[in-house]
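Student: I have a model open and would like to learn how to read its features. Where should I begin?

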Amino acid sequence: MGPWKGATQVAPGGGDDVESFGDDKRGCSGWVKRNPVVAAVLITLTILGVIAAIVVPVTCSVHGCPPKQAEDPTLSLYKNAPVRLVAAFLSDVDVADLVPPILKQYTSRVQMALSNLQILEAVDESVLQIVLDEVRKRTDVEFVVRDFVLKAPTDITDPTAASSSSGRRLQQAYTLNDPQLSTTWWFDRINVTGAWRLLNVNATDPQQRTSDVVIGVTDSGAFVNHPDLIGSFWENPAEIDNDLRDNDNNTYIDDVYGACFANSVCSPTSLNSNLSRCGIGKNTFAWNNVNDINSHGTKIAGVIGARPNNGIGLAGVAPNLRQMVLKVVDDTYFQYAYSDVVRAIDYGYAKGARIFSMSFGQDARTSATPTNKPSLDAAATAYRNLFNKYSNALFVAAAGNEWTSLEGWRSGNYTYSPCMIATDNTLCVGGTNVNDTIFYVFAFNQQAGTNFGPTTVDMGAPAHSIYTTDIAVNRNYSAPSGTSFATPMVAAVAGLVLSALGGTGRATPQTPLQIKNILMSSGDLLPSLNNQFKSARRLNAANAVAAALTLARTNRTTVVRELDGSTAAAVGAVTAMQAWEYIWYTGVYTDGAFDNFDPSFRFLDYYVRLSSNMQIGGMRYGGNTKLLVTSHMRVETTGMYGLQVIQSGITRDKWQMSIGENIMYFRWVNSTTGYIDLFFPDPGFYNITIWMYPDYATNLDFKWQSPTDPSYLNRNWFWILNFDSPPAPVNDPNVADKPALWHVAWNEDRQFDTWIYQYGYFQANKDIRRYRDWQTTVPDFNFATGADLRSGLYGTGTAMLNPANYVVYGYARTNLAPRAFSQGVAFRLRGPHTRLFINGQLVYDFQSTSVFQTVTPCVTLASNQSHEIYLYFAAMLNNTAPVGIQWANCSSPNQPAVLSTNYVSFSSALATKFFYSPNPNTVASLPRGFRCDAWAANGSITRPAPNNPPFGTPPNLTWMYPRDCPAGLKVGSECRMGTIMRDLFPSITWNFWNVRCWTYWSGSIKNGVSRAFNLPGVHYQTLAGARTYEMFGDGLNFYNYAPIRTRFASNVYQLFVLDWVALGPLWNRVAAQIVWDGTDNGNSTDVDNFLKTDSSRMILPANAAAPYMWQNVTFVP
């Protein structure tokens, strides 16, 4: 925040340490400091006379006395308001320079640090009006308002205490000992611990900070030494607590937890002002008397951050975050001056706050009058301007407690500020009660409760009997009611959502809207809130965090990928096709929540529906299911669009649609048909999401108007876009000589009935380690007959596990070599049950016992990069068209080739990862056996890193088997894998190591069973890119997934990797690289079962050869 012109600042020590701001020592306070005796007389006897006899005649002679003031200070918003204006200009203008010279000594101004807002204060109303007139004469004024005040909604004391018999949810990970949690009914109702669990909040000490998110509380301050609030406050990293210095040079001394922006001492032009005494820290109250005497802010602080698990009181919603104290309530009139809020927001935003809790407003019953309308309009303009200036922040505002419909305000063109401010970063919060209905009480012969409105109040949160912290004179705890306490509840969850999205550093101007829509769409849908709140939902913390984590992981709801948006390539899609994704869950319908965080529903199926328009139907499943339908809408022409929906087989309360980050609220003209008008500001791809509880007969038919065509029609605008490149595992040396082949792994079965109507089988069983009976490689995966399939998989003379088996099921995997794609490609699939994935994206789901061939839609593939293909299949060896895949170029951008002869093998386009096919002319000279490397590591053997360093990372140790094999493990020219590390490196002293040995191998683990020796730590084995052995931490529990039988073509080798992670402090003396082959019961003396190198079947690329090398390690960063 910039300096006040004409103001002085005094340090806590007294009047001798004076710091001047501005060009000179102007203003009343500066004159008083220089002339204390004269000032005392003038102040007590003649100040009114001076103003009347000098100021007014001078100003009238210069400008003329206006017949009527523009802002009547007796109106409710101006009554007792500071004599200030707030202004912003479109050019570089200092409002102080607009003050007539003769009046400059009666004004002071301050410039906000992070916006162009300026505040000017005058000694009386007549001077202020003259300056306002001067400002309004200019043509470059962006905004100007006379300062005004709002009030906190009156806390409601309800003689009927709320209680709840509902059980605790998701509490198993959090055994909290706060004695009043049984009284804090709202804590479980909004599922706080469910959110904590998703964010991995520490179960023992939930106050342990997990994010940089800070919630700014613009209120009456806080009792910062309350025993249940200690540790919950933001701590200024640039300030040293209790050293009585302004360490960060921002005027405020010891502003460790925040600062005060109200009261006379913190008002820059007051005679008693001294901003340096307005910091808020642990001990500042002892010398600056800044405290929460109102108690409103302390109650809010408990809702947000009361410390859990400390044996007293309650637990707050977001103890893992921090709250910043921004005192804006004047202790004389208990009101919120706009100029003080401006200064507080500027301060808080500069210090990192991106969520602000604002529990104040007007009296909704009495304020909306024609007399008050100019001041209400000015207040609305002021807050709208403020929120737009700080667009990366979300402002959570209270709806008020006057039991008044704000729809009446809207219909009369009134604005209830700040709750009804129409910006994307404002969220208006109403109240609910213990029965999950709208909050209302009749107490002490009067009605009270939340204000409401289906277009004005966004959502609800508990507001009735909110047990929370209080100031000492109120015995430290109380249970007030009102939206003042629903608001910080929502603000706290907004902070949790922001932390799930990546924290403060990831906040952009789009983030507040993302958070707002997540909160509004993830709450519990309550029939009692229909036509009361816009979303008809009550806050659910766990659902909100789950939605945020999904958004953070997938980035699926970005509104515009590229401004041109003309092609999938333009928006960076790796694969694209015109279709819709259907994701199914099964369970029992209860509350109608439109989200995927519902333990009563579990995943059922996932498939792609080949439709380029927006007709949502043909349901694969019905009753007791939940469905998520998604796609991307390509918008080429910006402007206004109309959307019509005609529903059948479903009611409108059983589905919800979002475009981008906005929930669609349709205008329903009857029970089946609704409309909505939408503005698309930019060309590009917009994500569409539809949640529903369907039946088999459910159908939603969406038709669109465009800016160039007013007819409602089905439009072919919808695309599945996949932005994920093929997986790039750490354990891949990425050799150049990749073979053109398919890697096939499969199991056997005796009947095909297992797959009839098992639509979701291959989606639910995508773990490739499930298919381990057999593995082989084939040059092409397309078999005309069952005999061809049997021969391709088993070769000649190999028997199946059971002669009665005739079904094979598993996967065929390969990689397309980088190439240019000038047009889309389509794939022809053969077989009764196939699922095609490209780069992890499901492209086609096919199942039929009568039709054995189909064609996928055109798929757009990004050029000049590898693409990974998985074809999951279930095939019958007695079928005439058992299984296969071919491809063809599309005949037009979105039209697959029609002729069967267009579809051909694409084996020549393959370069399969994790396999090696060396040049036959040089294979004899290649190194054999294992290459091993080790890296010194930091960390703990109980929490090892998940993977070793990537290939190519320079090691500290290098050796090779069998070349460097200890004598006791040699078997002729080969080596048993059982080396005690001290035998190789007796002088190494570093405790923790990551070790990797690797080779390309044409063999396989005997019987698919292995075991490894390791002191507490981790051991992995990986074959052909699949982790086939895992042992975690304790050296005892292990899991085998290796294929049992292997048949590879000549000169084909699969990548085999052995990883040890964090061997432990005894590795140099007793740890060994023991790997047993074919048994899981080995011991250190069972050398005959050690894995043994095989130089005829284990081969390495030429660049893998390396000399024995060691270096002692003294430091690891």
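The dialogue below goes from the whole chain to single residues.

Tutor: Keep in mind from the start that this is a predicted model. Begin with the overall make-up of the chain.

Student: How many helices and strands does the chain have?

Tutor: There are 16 helices and 63 strands in the chain. The chain has 1117 residues, and buried residues make up 60% of them. Among contacts with a separation of 6 or more, 78% are between residues 24 or more positions apart.

Student: Which residue could show me such a long-range contact?

Tutor: Take Ile688, found in strand E33 (residues 684-692). Its C-alpha atom is separated by 4.6 Å from that of Ile659, although the two are 29 residues apart along the chain. Beyond its neighbours within four places in sequence, Ile688 is in contact with ten residues' worth of surroundings listed here by name: Trp580, Met614, Val629, Thr630, Ser631, Met633, Met657, Ser658, Ile659 and Phe718.

Student: Is Ile688 buried or exposed?

Tutor: Ile688 has a relative accessible area of 0%, so it is buried.

Student: What can a polar residue in a strand look like?

Tutor: Look at Gln647 in strand E28 (residues 639-648). Gln647 counts as buried because its relative accessible area is 5%, and the cut-off for buried is under 20%. A polar atom of the Gln647 side chain lies 3.5 Å from the backbone oxygen of Ile650. Outside its neighbours within four places in sequence, Gln647 is in contact with several residues, including Arg652, Trp655, Trp668 and Asn699.

Student: How do I read a helix?

Tutor: An α-helix has 3.6 residues a turn, so residues three or four places apart point the same way. In helix H15 (residues 786-794), the buried residues are Gly786, Leu789, Gly792, Leu793 and Tyr794. Gly795 follows H15 and has a positive phi, near 75°.

Student: What is usual for phi and for peptide bonds?

Tutor: Most residues other than glycine have a negative phi, and most peptide bonds are trans. Leu244 has a positive phi, near 55°. Leu244 sits in the loop between strand E8 (214-219) and strand E9 (258-260), and is partly exposed, with a relative accessible area of 43%. Asn1007 also has a positive phi, near 60°, and is found in the loop between strand E54 (993-1001) and strand E55 (1010-1012).

Student: Where can I find a cis peptide bond?

Tutor: One joins Ser417 and Pro418, with omega about -5°. Pro418 is in the loop between helix H10 (406-411) and strand E15 (426-432). Another cis bond runs from Tyr961 to Pro962, with omega near 10°. Pro962 lies in the loop between strand E50 (957-961) and strand E51 (970-971).

Student: How many aromatic pairs are there?

Tutor: The count comes to 65 aromatic pairs. One of them is formed by Trp998 and Tyr1000, with ring centres 6.2 Å apart and 85° between the planes. This pair is edge-to-face because its angle is over 60 degrees. Trp998 is buried at 5% relative accessible area, and Tyr1000 is buried at 1%.

Student: Which residues form an aromatic cluster?

Tutor: Phe148, Tyr336, Tyr338, Phe356, Phe360, Tyr383, Phe387 and Phe395 form one aromatic cluster.

Student: How is empty space inside a protein found?

Tutor: Rolling a probe the size of a water molecule over the atoms shows where empty space is left. In this model the count comes to 4 cavities of 30 Å³ or more. The largest cavity holds about 80 Å³ of space. It is lined by 15 residues, and those closest to its centre are Ile768, Tyr811, Ala1026, Thr1028 and Pro1043.

Student: Which strands supply at least two residues of the lining of the largest cavity?

Tutor: Strand E37 (742-749) and strand E57 (1026-1033) each do so. By class, the lining of the largest cavity has 9 nonpolar, 4 polar and 2 charged residues.

Key: Residues numbered from 1 in each chain as written. Predicted model: local features only at pLDDT ≥ 70, side-chain atom pairs only at ≥ 80, totals over all residues. Heavy atoms only, no water. 1 Å grid on protein atoms, 1.4 Å probe; cavity = no way out; pocket = protein on both sides within 12 Å on 5 of 7 lines; lining within 4 Å. Points joined across faces, edges and corners; volume = space filled by probe spheres on them. Helix = DSSP H or I, 4+ residues; strand = E, 2+ residues; numbered from the N terminus. Nonpolar A, V, L, I, M, F, W, Y, C, P; charged D, E, K, R; others polar. Buried < 20%, exposed > 50% of the residue type's maximum accessible area, 1.4 Å probe, protein only. Polar contact = N/O pair within 3.5 Å; in protein donor to acceptor, adjacent residues only side chain to side chain. Contact = heavy atoms within 4.5 Å. Phe/Tyr/Trp six-rings, centres within 6.5 Å; stacked < 30°, edge-to-face > 60°.
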